[in-house]
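Here's a walk through one model, from its strands to its cores and its empty spaces. Have a look at the fold first, then read on.

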Amino acid sequence: MRNVTFAINITLDGCCDHTKQFVDEETLKYFTHLVREVDLQVFGRKTYQLMVPYWPEVLKNQSETKADTEFARAFDSINKIVFSRSLDSAEGNTRIVRTKLRDEILKLKQEQGKNILVGGVSVPSQLMERGLVDEYRFVVGPIVVGEGRRLLEGVSLRERLPLKLVESKIFKSGCIALRYLKQ
């Protein structure tokens, strides 16, 4: 059975708004490695539209850093699913899904392949509420922004969700990568 991994960058005060934080080369390398460990990425429409066309353009133009280009290459090579009722089309190896999130994820977990990576806030939050996230990877940046959307804001769990810290890594920038498994 495939596992579902939720990965995201956040600030020290829990802000997950991408415009409020920084991503350095070491963080990009961390996420590049993570993307290469899976064979499917799952997003909601908003996150998908943040990632595409940005990363495919980085790959096409190769005008950014080597770390940016490597992440773009990994991102571009992997299959993607975007859950959306309003998106009309998607680029490349992306499939739009309009069925129930829970049913589709349960089906995907049963398929052969590597693990599944989910990003953004809305889709992972819904998956958490349904008990469908197996692993959590948070990269916490050393910044307090005092505003913006907070991670897990509005998530309503039926019961507490105990997690086990299985890995942590401190980056030169002061970012800390935390990896938790659902117990």
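The strands and helices named here are DSSP runs, with at least two residues for a strand and at least four for a helix, numbered from the N terminus. The model is a predicted one. With that naming in hand, Gly-174 is easy to place: the loop holding Gly-174 runs between β7 (163–170) and β8 (176–182).

Let's stay with that glycine for a moment. Is Gly-174 buried or exposed? Gly-174 counts as partly exposed because its relative accessible area is 33%, which falls between the 20% and 50% cut-offs. Setting aside neighbours within four places in sequence, Gly-174 is in contact with Val-140 and Pro-142. Thr-99, on the other hand, is 75 residues away from Gly-174 in sequence and 41 Å away in space, taken C-alpha to C-alpha.

**The strands**

Val-140 brings us to β6 (135–141). Seven of the seven residues of β6 are buried, so the strand is largely enclosed by the rest of the structure. Both faces are covered: on one side sit Glu-135, Arg-137, Val-139 and Gly-141, and on the other Tyr-136, Phe-138 and Val-140, all buried. What does β6 pair with? It joins β1 in the parallel sense, over seven bridges, with Ile-10 standing opposite Val-140. β6 also runs antiparallel to β8, with six bridges between them, and here Arg-137 stands opposite Arg-179.

Over at β2 (38–44), six of the seven residues are buried, so to speak of this strand as mostly covered is fair. β2 is parallel to β5 (residues 115–118), with four bridges, and to β3 (residues 79–83), with five. Leu-40 has a bridge partner in each of these strands: Ile-116 in β5 and Asn-79 in β3.

**The cores**

In soluble globular proteins, nonpolar side chains tend to be buried together. In this model the largest nonpolar core has 27 residues, and those with the most contacts inside it are Phe-31, Met-51, Trp-55, Phe-71, Phe-75 and Val-139. The elements that give two or more residues to this core are α1 (25–36), β2, α2 (45–51), α3 (54–61) and α4 (66–77). Phe-75 shows how the packing looks from one side chain's point of view: beyond four places in sequence, Phe-75 touches Val-35, Gln-41, Phe-43, Met-51, Val-52, Trp-55, Pro-56 and Lys-80.

A second, separate core has 26 residues, including Leu-101, Ile-116, Val-121 and Met-128. Two of those names come up elsewhere: Ile-116 is the β5 partner of Leu-40, and Met-128 is one of the buried residues of helix α6 (residues 122–129). The others buried in α6 are Val-123, Pro-124, Ser-125 and Leu-127. Together, the buried residues of α6 pack against β1 (4–11), β2, β3, α5 (101–110), β5 and β6. Just after this helix, Gly-131 takes a positive phi of about 70°.

**The empty spaces**

Here are the two pockets and the cavity, side by side.

| Space | Volume | Lining by class |
|---|---|---|
| Largest pocket | about 1,400 Å³ | 22 nonpolar, 13 polar, 11 charged |
| Second largest pocket | about 180 Å³ | four nonpolar, one polar, five charged |
| Largest cavity | about 40 Å³ | five nonpolar, four polar, no charged |

Which residues lie nearest the centre of the largest pocket? Out of a lining of 46 residues, they are Thr-47, Leu-50, Gly-119, Gly-120 and Val-121. α2 gives the most to this lining, with five residues.

The second largest pocket is lined by Met-128, Glu-129, Arg-130 and Gly-131, together with Leu-157, Arg-158, Glu-159, Arg-160, Leu-161 and Pro-162. So the glycine with the positive phi just after α6 turns up again in this lining, because an atom of Gly-131 is within the 4 Å cut-off.

Finally, the count comes to one cavity of 30 Å³ or more. Asn-9, Ile-10, Gln-21, Phe-22, Thr-27, Val-139, Gly-141, Ile-143 and Cys-175 line it. β1 and β6 are the elements that give two or more residues to this lining. Val-139, one of the cavity's lining residues, is also among the residues with the most contacts inside the largest core.

Methods:
Residues are numbered from 1 along each chain as its sequence is written. This is a predicted model: local features need pLDDT of at least 70, side-chain atom pairs count only at pLDDT 80 or more; totals for chains, interfaces and linings use all residues. Side-chain values use heavy atoms; hydrogens and water are left out. A nonpolar core is a set of buried Ala, Val, Leu, Ile, Met, Phe, Trp, Tyr and Cys residues joined through side-chain atoms within 4.5 Å. Buried means under 20% relative accessible area, exposed over 50%, partly exposed in between (1.4 Å probe, protein chains only). Contact means heavy atoms within 4.5 Å. Two strands pair if DSSP finds at least two bridges between them. On a 1 Å grid over the protein atoms alone, a cavity is a set of points where a 1.4 Å probe fits but cannot get out, and a pocket is an open set with protein on both sides within 12 Å along at least five of seven lines; lining residues have an atom within 4 Å of a point. Grid points are joined across faces, edges and corners, and a volume is the space filled by probe spheres set on the points. Ala, Val, Leu, Ile, Met, Phe, Trp, Tyr, Cys and Pro count as nonpolar, Asp, Glu, Lys and Arg as charged, and the others, Gly among them, as polar.
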